[in-house]
Amino acid sequence: MRKDAVVPPKKFKGTILVFFLWSLFSALLHAEEHNTDVAVIVSSQIRPYVMALEGLRSSLQQPLKIYYLNLNPELIRHNLSQEHHDLLIAIGPEASVLAWSNLNPGDKKIALMVLDQQKLLEDPEPCGVDLRIPIKEQIKLIKERLGGRRKIGILYNPMENRGWVEQARRHGSDLGVSVIPLRVHNRHEITKVLSSAYQDIDTLLFIPDSTVISMALLSHLVKDALLHGIAVVGYNHFFMEIGAVLAFNIDYERVGILGAELARDVLSGSKCRLTPPPFHIEWSEKVWKTINDYSGSLKSRSSGDVP
């Protein structure tokens, strides 16, 4: 060896070796991910599903076979039954029901953008992202934002949401909040039930319920509640447009990103799980001031300050 040759120190050699091995491992992992056969079934092209799909695509960087179920359901069902996939990702309830219908029992499955997956898919341990924000977290955030010992009314059909409201009552009790169930079996009962409840509640929390879902009906209920000084809390941005003080908005694109994380776990052999959805809070200071002004006016009248 020449005297002027530079000999790398042993520590430097070790660093190069570690870097080389890590690069090789990453390349193999990347190649394995891209060689997997992943199909995505989308119920339809409505905006929330498309946003979830875009989040999935942006985070799961590999070729995806995408089927839009509403375009030709029978052909898609036939094609899927003839193919094997390392993973089926369903976006929306119709797509999820199809994926869980034993097209190919060996296919691993993930469901996104589905409400109450255990009930809909008849699977006690489904894999995916739920569309229900945990009720305990909702009540906790309502208490933090609105303050005091709230009295929260929840309109619901017991055939659909009995268990959910029972959970709300238990968690409310733990948090020092009263949850008042407002049972309705059809839309014709809603106005009467709510009018009778105004004296017992100061907050009205809407939850996803097929009986209480009409946009025109919701607009009327929220405005009427506001006229009675009741703070309304909703589960998407639409409620803010019609007068709610607070809304829990699910981030659909992040649902897709979270779905991609679950997909990587499933493809690597890890056990999957049902995870709550990512969301953000929307707040209206203007509506909150209106409610407080109404409450202040009532106190003045009861004390005799206002004739």
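# From one glutamate to two sheets

At 38% relative accessibility, Glu253 counts as partly exposed, because partly exposed covers the range between under 20%, which is buried, and over 50%, which is exposed. The model in which this residue sits is a predicted one. Glu253 belongs to helix 11, and this helix is a convenient place to begin.

Consider first what surrounds the residue. If its neighbours within four places in sequence are left aside, Glu253 is in contact with Met51, Ala52 and Gly55. Pro48 is 205 residues away from Glu253 in sequence, yet in space the two are 8.0 Å apart, C-alpha to C-alpha. Links across the sequence also appear in the totals for the protein: among contacts with a separation of 6 or more, 67% are between residues 24 or more positions apart.

Met51, Ala52 and Gly55 are part of the contact between helix 2 and helix 11. Helix 2 covers residues 47-59 and helix 11 covers residues 252-267; the two pack at an angle of about 45°, and their axes are 6 Å apart. Helix 2 and helix 11 are therefore oblique to each other. The crossing of helix 2 with helix 11 is right-handed. On the helix 2 side, the residues that meet helix 11 are Pro48, Met51, Ala52, Gly55, Leu56, Ser58 and Ser59. On the helix 11 side they are Tyr252, Glu253, Gly256, Ile257, Gly259, Ala260 and Arg264. Sorted by class, the residues of this contact comprise seven nonpolar, five polar and two charged.

Helix 11 also leads to a sheet. What does helix 11 lie across? The strands beneath this description are strand 1 (38-42), strand 3, strand 4, strand 5 (128-130) and strand 11, and helix 11 runs at about 165° to strand 4. An angle over 145 degrees counts as roughly antiparallel.

These strands belong to an open sheet of six, in the order 2-1-3-4-5-11, with parallel pairing. Strand 2 (64-68) and strand 11 (274-275) stand at its edges; each has a single partner strand, so one side of each is left without a neighbour in the sheet. Strands of a sheet pair through backbone hydrogen bonds, either parallel or antiparallel.

Within this sheet, strand 3 (residues 87-91) and strand 4 run parallel and are joined by five bridges. Leu87 stands opposite Lys108 of strand 4, and Ile91 has Leu112 of strand 4 as its bridge partner. Is strand 4, residues 108-114, mostly covered or uncovered? Six of the seven residues in strand 4 are buried, so the strand is mostly covered. For the protein of 307 residues, buried residues make up 43%.

There is a second sheet to follow. Six strands form this open sheet in the order 7-6-8-9-10-12, and here the pairing is mixed. At the edges stand strand 7 (178-183) and strand 12 (279-283), each with a single partner strand, so one side of each is left without a neighbour in the sheet. From one strand to the next, the twist averages 20°. Strand 6 (residues 151-156) and strand 8 (residues 203-205) run parallel in this sheet, with three bridges joining them. One of the pairs is Ile154 with Leu205 in strand 8.

Two further helix pairs can be compared with the one described above. Helix 6 (residues 135-146) and helix 7 (residues 158-174) have axes that come within 9 Å and cross at roughly 45°. That makes helix 6 oblique to helix 7. The crossing of these two helices is right-handed. In helix 6, Ile135, Lys136, Gln138 and Ile139 meet Trp164, Gln167, Ala168, His171 and Gly172 in helix 7. By class, this contact of helix 6 with helix 7 holds four nonpolar, four polar and one charged residues.

In the other pair, helix 8 (residues 190-197) packs with helix 9 (residues 215-227) at an angle of about 15°, the axes being 11 Å apart. Helix 8 and helix 9 are therefore roughly parallel to each other. Their crossing is right-handed. Ile190, Thr191 and Leu194 of helix 8 meet Leu217, His220 and Leu221 of helix 9. The contact of helix 8 with helix 9 divides into four nonpolar, two polar and no charged residues.

These elements are part of a secondary structure that comes to 12 helices and 12 strands.

Terms used: Residues numbered from 1 in each chain as written. Predicted model: local features only at pLDDT ≥ 70, side-chain atom pairs only at ≥ 80, totals over all residues. Heavy atoms only, no water. Axes fitted to C-alpha atoms, helices over the stretch in contact; angles between N-to-C directions. Helix = DSSP H or I, 4+ residues; strand = E, 2+ residues; numbered from the N terminus. Parallel < 35°, antiparallel > 145°, perpendicular 65-115°, else oblique. Left-handed = near helix turned anticlockwise from the far one by under 90°. Contact = heavy atoms within 4.5 Å. Nonpolar A, V, L, I, M, F, W, Y, C, P; charged D, E, K, R; others polar. Buried < 20%, exposed > 50% of the residue type's maximum accessible area, 1.4 Å probe, protein only. Pairing = 2+ DSSP bridges.
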